[in-house]
Amino acid sequence: MKQKFLLAGTLMFFVSALATQAQNVSLEKSIVTWTGKKLTGEHTGNIKLKSATIKTQDNELKGGSFVIDMTTLTCTDLKDEGANTSLVNHLKSDDFFSVNQYKESHFTVTKVARQANNQYQVTGDLKIKGFSHPNTFVVKFDDKGKQKTFTGTMVVDRTLYNIRYGSGKFFDNLGDRMIDDNFEIQFSIEME
């Protein structure tokens, strides 16, 4: 009798695992932008996904993993080429993301809770510069036939990842050179 229950439980586990499907993400159509703020304004830019997978079951979000290519970081708000290049190089330097050493950042979904109006509360581990911390945010799912898109905004406390440049938590007398400890990642992830 115990063997029948064990066999039935094992079979249900495998059926459930097979029902969860990994969906490919269109890296070309997906958009990831960033916004960093300071006392005197803000900067915005883009960054590309290197790889991404979204897991679904019965058209419900169940998980996913994303690799962000830090070498693709750009700035979109500075039109002066010299100022733009200077900012991007500074963001890629050891003052911020140490891109020479850490060419990738990772986000892995660990928990999904469905909410109303095609929204999900997503929790996952965000890894930047070798440091990994949990992050929770809301994702909206839009299903327009062939086009299925997940959109949302993740707020990241950069100081958790040893990015302290211009932080009021660690430096005094910064005045208008103080940079907000939080930055935002806005995303629109389109499934193929």
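Colleague: How many aromatic pairs does a search of the whole structure find?

Modeller: The model is a predicted one. Ring pairs link Phe107, Phe137 and Phe187 into a cluster. Across the whole structure, the search gives a count of aromatic pairs of 5.

Colleague: The rings of Phe96 and Tyr165 are among those I should like to understand; is the pair stacked, edge-to-face or tilted?

Modeller: The ring centres of Phe96 and Tyr165 lie 5.3 Å apart, and the planes meet at 55°. Planes under 30 degrees apart would count as stacked and those over 60 as edge-to-face. The angle of 55° therefore makes the pair tilted.

Colleague: How many residues apart in sequence are the parts that Phe96 and Tyr165 tie together?

Modeller: Phe96 belongs to the loop between helix H2 (81-92) and E5. Tyr165 sits in the loop between strand E8 (147-157) and E9. The pair therefore ties together parts whose separation in sequence, in residues, is 69.

Colleague: Is Phe96 buried or exposed?

Modeller: Tyr165 has a relative accessible area of 37% and is partly exposed. Phe96 has a relative accessibility of 7%, and the cut-off for a buried residue is under 20%. Phe96 therefore counts as buried.

Colleague: Which strand gives the most to the lining of the largest cavity?

Modeller: The largest cavity holds about 270 Å³ of space and is lined by 18 residues. E3, strand E4 (60-69), E5, E6, E7, E8 and E9 each supply at least two residues of that lining. The strand that gives the most, with 4 residues, is E4.

Colleague: How many residues of the lining of the largest cavity are nonpolar?

Modeller: Phe66, Phe107, Phe137, Phe187 and Ile189 are the lining residues nearest the centre of the largest cavity. Of these, Phe107, Phe137 and Phe187 are also linked by ring pairs into a cluster. The lining has 1 polar residue and no charged residue, and its nonpolar residues number 17.

Colleague: Where in the chain are Lys50 and Glu104, whose side chains meet in a salt bridge?

Modeller: The N to O distance of this salt bridge is 2.7 Å. Lys50 is partly exposed at 46% relative accessibility, and Glu104 is partly exposed at 30%. The two residues are 54 residues apart, with Lys50 in strand E3 and Glu104 in strand E5.

Colleague: With which residue does Glu60 form a salt bridge?

Modeller: Glu60, at 24% relative accessibility, is partly exposed. In this salt bridge the closest N and O atoms are 3.3 Å apart. The partner of Glu60 is Arg114.

Colleague: Are Asp181 and Arg158 buried or exposed?

Modeller: The side chains of Asp181 and Arg158 meet in a salt bridge of 3.6 Å, N to O. Asp181 lies in strand E9 and Arg158 in the loop between E8 and E9, so the pair ties together parts that are 23 residues apart in sequence. Both residues are buried.

Colleague: In the hairpin of E6 and E7, which residue takes a positive phi?

Modeller: E6 and strand E7 (residues 131-144) pair in the antiparallel sense over 10 bridges, with Thr123 opposite Thr136 in E7. The hairpin has 2 residues between the strands. The residue with a positive phi, near 55°, is Lys129.

How values were computed
Residues numbered from 1 in each chain as written. Predicted model: local features only at pLDDT ≥ 70, side-chain atom pairs only at ≥ 80, totals over all residues. Heavy atoms only, no water. Pairing = 2+ DSSP bridges. Phe/Tyr/Trp six-rings, centres within 6.5 Å; stacked < 30°, edge-to-face > 60°. Buried < 20%, exposed > 50% of the residue type's maximum accessible area, 1.4 Å probe, protein only. 1 Å grid on protein atoms, 1.4 Å probe; cavity = no way out; pocket = protein on both sides within 12 Å on 5 of 7 lines; lining within 4 Å. Points joined across faces, edges and corners; volume = space filled by probe spheres on them. Nonpolar A, V, L, I, M, F, W, Y, C, P; charged D, E, K, R; others polar. Salt bridge = Lys/Arg side-chain N within 4 Å of Asp/Glu carboxyl O.
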